[in-house]
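Student: Before we begin, could you show me the structure that we are going to discuss?

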Amino acid sequence: MKILANDGIAPIGKQQLEAAGFTVVTETVPQNDLIQTINKENYVALLVRSATTVRKDIIDACPGLKLIGRGGVGMDNIDVAYAKEKGLHVINTPASSSQSVAELVMAHLFGAVRFVYDANRQMPSTGVTEFKTLKKKYAKGIELRGKTLGIIGFGRIGQATASYALGCGMNVIYTDPFAEKATINIKVGNQHVAVELTSSTKDEVLTKADFISLHVPKLDQPAIGNDEFAIMKDGVIIVNAARGGVVDEAALITNLNSGKVAHAALDVFENEPTPREDVLKHPKISLTPHIGAATLEAQDRIGEELASQIKALLL
Ligand code: NAD
C-alpha cells in the first residue's frame, strides 16, 4: 500500500510505516496535480500538514483513497465531515505539538518585553554607528514575572502555555466555555506542582490581562476585534499562535498604531501563505512563519502518532 506524505513526514514515522510494509513517498505533488497523481500511483493514504488542502474535489475524484492524515492539529485544510461521510478515515495528531507551540509563545513574550525582535532588525544596519541610541531605545523593557497572562481557549496548547507562564512566575487567567476548571501540572526538578485554575469570563480576561495569548480553534468570527481591543489594558501585548483570523488583523494594526496595543506577536496570518505586507513590516509586530509545531521533537511525535494510527486503521 502506498502513502503520499505531501507535506513531508519525520523520518521516524516513515521508517515505522515502511517497517510495517507501506511504501511512503515524501515528494511534494503540486495541489493541482494531486488528483491525477493519487489515482495514477494508487495511493491509499494522503498525509498533509497545513500546506496541502484536501477538499471535496479530491475526495470525490480519488476512490482509492482510504485515509487522510493531518500531521498537526487544525483540520481546516481538510473537508473532514465530507471525507468521513464518504467512508474515509480522517486522522490528526492533536497532542504532539502542544509543548512546542507553548514554547514559541513564551519565546515571543520574552522577545517582546525586551524588544529582541526589533533589536535584531536594527543592530545589523545601525549597531555600529547608533549603538548608544539603540541602547536607549530598548531601555524600557519589563519583566514577565508578576504580570498577568490571559489565555483565550484553554485546551492542550492553552494549558501547556499556562504551565510555562506559571513556571516563570506569571499569574494566569483564562477563558474557555468548555473548560470551567483545569489543573495545570508543573514539573520542577523532581517535584510536581499542581495549580488549580477556574475559567473567567472573556471580558474579565480582556480587561485584566497584561498579555493575551489565543489558543482557540479557527472560529467563524475573530475572537479579537475592535470591540475587544477597546476594553483591554492600555499597552497590552497580544500573541496569536492559533489560526490566522482569530485576531482581526485590520483592527490589530489600528490598535497598534493608536498605542492601545504595545506589541503583537504573530505566528499565523489571515492570508497564509501571502500575509499582508503592512503586518509583516509593522515595527510593533514580531513574526514567525507558522512554525509553532516545527520542532524536531514535535515532528518526531507527529510522525510516530500518524504511523501508529495508520497501522491500526489500514493493516
Ligand atoms: P484544543 O482543541 O485542545 O483547545 C482549543 C480550546 O479552545 C478548547 O478547550 C475549546 O473549548 C476552546 N474554545 C473553543 N471556542 C472558544 C471560544 N470561543 N472562546 C474560548 N475558548 C474556546 O486545541 P489546541 O491543540 O490547544 O490548539 C489550539 C489552536 O492552536 C488551534 O487553532 C490550532 O489550530 C492551533 N495550532 C497552531 C499551531 C502553530 O503552528 N502555530 C500548531 C498547532 C496548533
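**Reading the helices, cores and loops**

Tutor: Let us start from one residue: leaving out residues up to four places away in sequence, Phe211 touches Leu109, Val113, Ile142, Leu144, Lys147, Thr148, Leu149, Gly150, Met170, Val236 and Ile237. Please keep in mind that this is a predicted model.

Student: Which residues have the most contacts inside the largest nonpolar core?

Tutor: They are Leu109, Phe154 and Phe211, and the core that holds them has 27 residues. The elements that give two or more residues to this core are H5, strand E6 (148-152), helix H8 (156-167), strand E7 (171-175), strand E8 (181-188) and strand E11 (236-240). H5 gives the most, with six residues. Apart from this core lies another, of 26 residues, among them Ile212, Met232, Val236 and Ala264.

Student: What makes H5 count as largely enclosed by the rest of the structure?

Tutor: A residue is called buried when its relative accessible area is under 20%, and 12 of the 16 residues of H5 are buried, so the helix is largely enclosed. Among them are Val101, Leu104, Val105, Leu109 and Val113.

Student: Why is Ser100 called buried?

Tutor: Ser100, which is in helix H5, has a relative accessibility of 9%; the cut-off is under 20%, and therefore Ser100 counts as buried. Leaving aside neighbours within four places in sequence, Ser100 is in contact with Gly292, Ala293, Thr295, Ala298 and Arg301.

Student: How do you know that the span of helix H5 agrees with its number of residues?

Tutor: At 1.5 Å a residue, the 16 residues of H5 (residues 98-113) should span 22 Å, and the C-alpha atoms at the ends of the helix are 23 Å apart, which agrees. Just after H5, Phe115 takes a positive phi of about 60°.

Student: Why are H5 and H8 called oblique to each other?

Tutor: Their axes come within 8 Å and cross at roughly 50°. Angles under 35 degrees count as roughly parallel and 65 to 115 as roughly perpendicular, and the angle here fits neither, so H5 and H8 are oblique. The crossing is right-handed, and residues of H5 including Ser98, Val101 and Val105 meet residues of H8 including Arg156, Ile157 and Tyr164.

Student: What makes H1 and H13 roughly parallel, then?

Tutor: The axes of helix H1 (residues 11-19) and helix H13 (residues 296-314) come within 7 Å and cross at roughly 20°; because angles under 35 degrees count as roughly parallel, that is the word used for this pair. The contact is made by Ile12, Gly13, Gln16 and Leu17 of H1 and Asp300, Gly303, Glu304, Ala307, Ile310 and Lys311 of H13.

Student: Why is Asn42 called exposed, and why is His290 called partly exposed?

Tutor: Exposed means over 50% relative accessible area, and partly exposed lies between that and the buried range. Asn42, in the loop between helix H2 (34-41) and strand E3 (43-48), has 56% and is therefore exposed, whereas His290, in the loop between strand E13 (285-287) and H13, has 26% and so counts as partly exposed. Asn42 has a positive phi of about 55° although it is not a glycine, and for His290 the phi is likewise positive, about 55°.

Student: Where is the cis peptide bond that joins Glu272 and Pro273, and what is its omega?

Tutor: The omega of this bond is about 5°, and Pro273 is found in the loop between strand E12 (261-266) and helix H12 (277-280).

Definitions and conventions
Residues are numbered from 1 along each chain as its sequence is written. This is a predicted model: local features need pLDDT of at least 70, side-chain atom pairs count only at pLDDT 80 or more; totals for chains, interfaces and linings use all residues. Side-chain values use heavy atoms; hydrogens and water are left out. Helices (H or I, at least four residues) and strands (E, at least two) are DSSP runs, numbered from the N terminus. The expected span of a helix is 1.5 Å times one less than its number of residues. Buried means under 20% relative accessible area, exposed over 50%, partly exposed in between (1.4 Å probe, protein chains only). A nonpolar core is a set of buried Ala, Val, Leu, Ile, Met, Phe, Trp, Tyr and Cys residues joined through side-chain atoms within 4.5 Å. Contact means heavy atoms within 4.5 Å. Axes are lines fitted to C-alpha atoms, for helices over the stretch in contact, and angles run from 0 to 180 degrees between N-to-C directions. Angles under 35 degrees count as roughly parallel, over 145 as roughly antiparallel, 65 to 115 as roughly perpendicular and the rest as oblique. A crossing is left-handed if the near helix is turned anticlockwise from the far one by less than a right angle, and right-handed if clockwise.
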